[in-house]
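Work through the exercises below with the structure at hand. Try each task before reading its solution.

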Amino acid sequence: MNKASYSDDISKLATVNQARERYKLSRNLLLKIAEDNGAVRRIGRAVRIDVPAMDKAISNY
């Protein structure tokens, strides 16, 4: 199996794994904070984290 490659350049939307690395949080805690603050964006089956909204949520947390 090939290792997935992720870009470090995040502008608006990040994958869950990119957001986990950025905020140093577990997947469950990251998604809980993101869902509570409206930072989750679902595009079909893909789940993305709105970085500006998450930054604001983390600064208030």
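The exercises go from the whole chain to its helices and then to single residues.

**Exercise 1. The whole chain**

Task: Describe the confidence, secondary structure and burial of the protein chain.

Solution:
- Begin with confidence, since the model is predicted. The mean pLDDT of the protein chain is 90, and 84% of its residues reach 70 or more.
- Next look at the elements. Helix H2 (residues 27-36) has the highest confidence, at a mean of 97, and helix H3 (residues 51-60) the lowest, at 94.
- Count the elements: the chain has three helices and three strands. Along the sequence they follow the pattern β-α-α-β-β-α.
- Turn to burial: 28% of the 61 residues count as buried.
- Finish with contacts. Among those with a separation of 6 or more, 49% join residues 24 or more positions apart.

**Exercise 2. The buried side of H1**

Task: Find which residues of helix H1 (residues 16-23) are buried, and where they lie around the helix.

Solution:
- List the buried residues: Val16, Gln18, Ala19 and Tyr23.
- Look down the axis of H1. The buried residues fall within an arc of 160°, so they line one face of the helix.
- Identify what they pack against: strand S1 (13-15), H2, strand S3 (46-50) and H3.
- Move past the end of the helix. H1 is followed by Lys24, which has a positive phi, near 55°.

**Exercise 3. Two helix pairs**

Task: For H1 with H2 and for H2 with H3, work out how the helices are oriented and what kinds of residues make the contact.

Solution:
- Start from the method: two packed helices are described by the angle between their axes and the distance between the axes.
- Take H1 and H2. Their axes are 10 Å apart and the packing angle is about 95°. An angle of 65 to 115 degrees counts as roughly perpendicular, and H1 and H2 are therefore roughly perpendicular to each other.
- Name the residues of this contact. H1 contributes Val16, Ala19, Arg20 and Tyr23, while H2 contributes Arg27, Leu30 and Leu31. Sorted by kind, they give five nonpolar, no polar and two charged.
- Take H2 and H3. Their axes come within 10 Å and cross at roughly 100°. That makes H2 roughly perpendicular to H3.
- Name the residues again: Leu30, Ile33 and Ala34 in H2 meet Met54, Ala57 and Ile58 in H3. This contact of H2 with H3 has six nonpolar residues, no polar and no charged.

**Exercise 4. Two isoleucines**

Task: Decide whether Ile58 and Ile43 are buried, partly exposed or exposed, and state what each touches.

Solution:
- Recall the cut-offs: buried is under 20% relative accessible area, exposed is over 50%, and partly exposed is in between.
- Place Ile58 in helix H3. Its relative accessibility is 30%, so Ile58 counts as partly exposed.
- Leave out residues up to four places away in sequence; Ile58 then touches Tyr23, Leu25 and Ile33.
- Compare positions along the chain and in space. Ile58 and Ala34 are 24 residues apart along the chain, and their C-alpha atoms are separated by 9.1 Å.
- Place Ile43 in strand S2 (residues 40-43). With a relative accessible area of 54%, Ile43 is exposed.
- Leave out residues up to four places away in sequence once more; Ile43 touches Leu13 and Arg48.

Definitions and conventions
Residues are numbered from 1 along each chain as its sequence is written. This is a predicted model: local features need pLDDT of at least 70, side-chain atom pairs count only at pLDDT 80 or more; totals for chains, interfaces and linings use all residues. Side-chain values use heavy atoms; hydrogens and water are left out. pLDDT is the predictor's confidence in each residue, from 0 to 100. Helices (H or I, at least four residues) and strands (E, at least two) are DSSP runs, numbered from the N terminus. Buried means under 20% relative accessible area, exposed over 50%, partly exposed in between (1.4 Å probe, protein chains only). The arc is that of the directions from the helix axis to the C-beta atoms. Contact means heavy atoms within 4.5 Å. Axes are lines fitted to C-alpha atoms, for helices over the stretch in contact, and angles run from 0 to 180 degrees between N-to-C directions. Angles under 35 degrees count as roughly parallel, over 145 as roughly antiparallel, 65 to 115 as roughly perpendicular and the rest as oblique. Ala, Val, Leu, Ile, Met, Phe, Trp, Tyr, Cys and Pro count as nonpolar, Asp, Glu, Lys and Arg as charged, and the others, Gly among them, as polar.
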